[in-house]
There are 2 protein chains.
Amino acid sequence: MPEIIHDVVGIGNAIVDIIGRCKEEFLVKHGAPKGRMRLVEAETVSKLYDDMGPGIEISGGSVANTMVGIASFGGKAAFIGKVADDEFGRIFAHDIRAAGVVFNTKAAQGKTPTARSLILVTPDGERTMNTFLGVSPELARSEVDADLISSARIVYLEGYLFDRPEAKAAFRQAADIAEKSGRQVALTLSDPFCVDRHRSEFLELIRSRVDILFANEAEITSLYQTESFEEAARLARNVTKLAVLTRSAKGSVIFSGHKATTIAADRVKNVVDTTGAGDLFAAGFLYGLSLGKSIETCGRLGSLAAAEIISHIGARPETALAKLAAARGL
Amino acid sequence: MPEIIHDVVGIGNAIVDIIGRCKEEFLVKHGAPKGRMRLVEAETVSKLYDDMGPGIEISGGSVANTMVGIASFGGKAAFIGKVADDEFGRIFAHDIRAAGVVFNTKAAQGKTPTARSLILVTPDGERTMNTFLGVSPELARSEVDADLISSARIVYLEGYLFDRPEAKAAFRQAADIAEKSGRQVALTLSDPFCVDRHRSEFLELIRSRVDILFANEAEITSLYQTESFEEAARLARNVTKLAVLTRSAKGSVIFSGHKATTIAADRVKNVVDTTGAGDLFAAGFLYGLSLGKSIETCGRLGSLAAAEIISHIGARPETALAKLAAARGL
């Protein structure tokens with residue numbers, strides 16, 4: 001078995017974000033569900049883009065953001081995801097590598113473009129995502145590098161990958177490899193609508209394969225179709241070693257067996273853009289976990305990273321998280 | 001003669017900025033002169049990009065930024081500039097139109113890509129630009145729309161256009177049309193190195209055609225090859241109706257005939273990225289001028305816009321300048 005050289009290897013969609021501001025009316029006009037992610041076709045992307053205000057392009061993708069966060073803490077991260085051989089593909093590959101993340105998945109040569117997400121930020125800082133997956137789901141099973149997966153303590157899987165059968169197969173294969181190599185499997189549910197689309201498969205996967213589950217309030221209640229967070233949390237804690245449940249400004253609760261640890265959210269004076277808050281919480285948590293820190297420290301690292309990301313536009317850190325952690329003595 | 005329907009029409013390079021952070025050593029290693037703009041070839045762009053940190057893509061271009069600033073104040077602006085039919089070209093066109101600027105120059109269909117500028121921001125907030133002009137200088141004389149030029153009170157020309165003979169011809173033609181239509185001609189010197197490359201032509205142009213000259217301290221002393229700012233300023237005031245000279249944190253001095261008006265720079269708590277400071281000063285000033293405001297008010301509008309732009313990444317306003325101006329009673 002290969003030795004451990006990475007803290008975490010992530011598998012997810014390789015996306016460039018196009019972030020712009022809009023008023024609530026704009027979301028209503030375009031039927032975009034506020035605060036959520038919806039999958040759209042190329043045509044809808046064009047229409048929305050033509051109508052939206054000026055944008056800023058920043059590399060994104062949920063698990064990709066998490067891997068960049070881990071690298072920003074000083075951790076060793078790798079990413080597997082599919083881009084096309086086009087301008088956005090070059091931007092994605094450059095940015096993730098320049099952030100210190102190992103990224104070797106080959107760019108596809110066909111005409112399908114690199115994935116993009118039009119992210120609309122309302123005046124309250126909430127983000128609404130309209131994602132065109134493009135070439136991203138064409139990640140083949142053969143591209144899930146067994147050696148790379150086994151080289152990391154934890155493999156971290158993006159729920160969004162379930163939205164396309166091709167990517168789902170790659171996803172399952174990664175979980176298989178990790179399990180066989182005795183590595184830990186972490187999963188983020190990604191989005192309540194995504195959970196809704198694949199509930200039974202997620203439930204089965206969590207029960208049988210997942211060691212560490214990341215979900216926010218909307219996702220976990222969607223998964224278990226419960227009214228209350230508490231009830232959903234109770235169900236989650238029974239089936240995973242670690243359930244990391246985030247609740248935005250209310251902080252997070254982490255269940256480890258029957259022990260519950262509550263972590264307060266870090267205060268942010270001016271919430272600019274909530275894109276990536278969950279991704280970066282996961283970065284801090286997984287980084288702490290890979291170092292063997294206490295659950296409480298892991299949670300505090302998560303809160304710190306989430307607070308950094310929502311204080312500016314985009315889901316990639318602007319300040320080295322290692323520096324922020326050191327300043328807090330974490 | 002067409003009636004006036006625009007406040008300002010600008011002609012300049014159509015560029016997408018790729019902005020990243022770096023330490024001073026990085027500039028030294030790559031021979032990039034700090035605080036300046038240098039023209040580079042495609043190969044150098046690739047090399048620099050491979051070596052630099054993660055970037056953010058934001059539409060830019062000096063005069064294009066100014067036109068967006070004018071629109072953000074509520075003014076009517078149009079832009080003439082050349083992009084290619086590629087991803088960056090689409091981004092540029094979308095962003096400038098979405099900002100409310102009229103932009104109808106056709107995208108080139110060849111293989112030469114849209115211009116890009118790798119902008120490296122050092123910890124002091126100073127920006128160093130490495131620009132690959134790509135298709136931008138292919139703006140043809142036939143594309144300088146006489147009706148559009150005559151439809152604006154002021155035509156604003158980018159000094160950087162002098163760097164390629166094709167664009168220079170378009171530039172001269174625009175000045176001709178404006179002069180014949182009795183419109184005002186404004187020019188920005190763009191950069192001290194650019195001035196150095198084309199000194200005699202700039203001197204001739206300013207003497208014969210330019211009504212309003214924009215320059216910073218380095219540019220105006222480069223133009224007149226003087227040691228002191230005061231001496232250069234004295235020479236400038238003798239040849240233009242209006243000389244608008246900016247001095248970074250020291251504010252600006254505007255010479256109108258023999259009257260000098262001094263404007264203080266607006267205080268900025270945290271200078272994040274100085275990209276676009278001069279462009280946005282020009283936006284406020286030209287907007288005020290087109291409304292017939294006093295020189296002092298024009299200068300204060302310029303300072304306000306410059307302060308907004310240096311408080312965040314990128315050279316396009318994040319807050320509506322009309323709102324900021326109203327809050328100040330301007």
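**Exercise 1.** Work out how the span of helix H4 (residues 87–98) of chain B relates to the expected one, and which of the residues in H4(B) are buried.

Solution.
1. Helices are DSSP runs of H or I with at least four residues, strands are E runs of at least two, and both are numbered from the N terminus.
2. H4(B) has twelve residues. The expected span is 1.5 Å times one less than the number of residues.
3. From first C-alpha to last, H4(B) reaches 16 Å, close to the expected 16 Å.
4. A residue is buried if 20 or more other C-beta atoms, placed from the backbone, lie within 10 Å of its own, exposed if 12 or fewer, and partly exposed in between.
5. Nine of the twelve residues in H4(B) are buried, among them Phe88(B), Ile91(B), Phe92(B) and Ile96(B).
6. Gly100(B), just after the helix, has a positive phi of about 95 degrees.

This is a predicted model in which local features need pLDDT of at least 70 and side-chain atom pairs count only at pLDDT 80 or more, while totals for chains, interfaces and linings use all residues. Residues are numbered from 1 along each chain as its sequence is written, with chains lettered from A and ligands numbered from 1 in the order in which they are written.

**Exercise 2.** Place strand E12 (residues 242–246) of chain A among its partners and describe the cover on its faces.

Solution.
1. Two strands pair if DSSP finds at least two bridges between them.
2. E11(A) runs parallel to E12(A), with five bridges; Phe214(A) stands opposite Val244(A).
3. E13(A) runs antiparallel to E12(A), also with five bridges; here Val244(A) stands opposite Ile254(A).
4. Five residues separate E12(A) from E13(A) in a hairpin, and Ser248(A) in the turn has a positive phi of about 50 degrees.
5. In a regular strand, side chains alternate between the two faces of the sheet.
6. On one side of E12(A), Leu242(A), Val244(A) and Thr246(A) are buried, and on the other Ala243(A) and Leu245(A) are buried.
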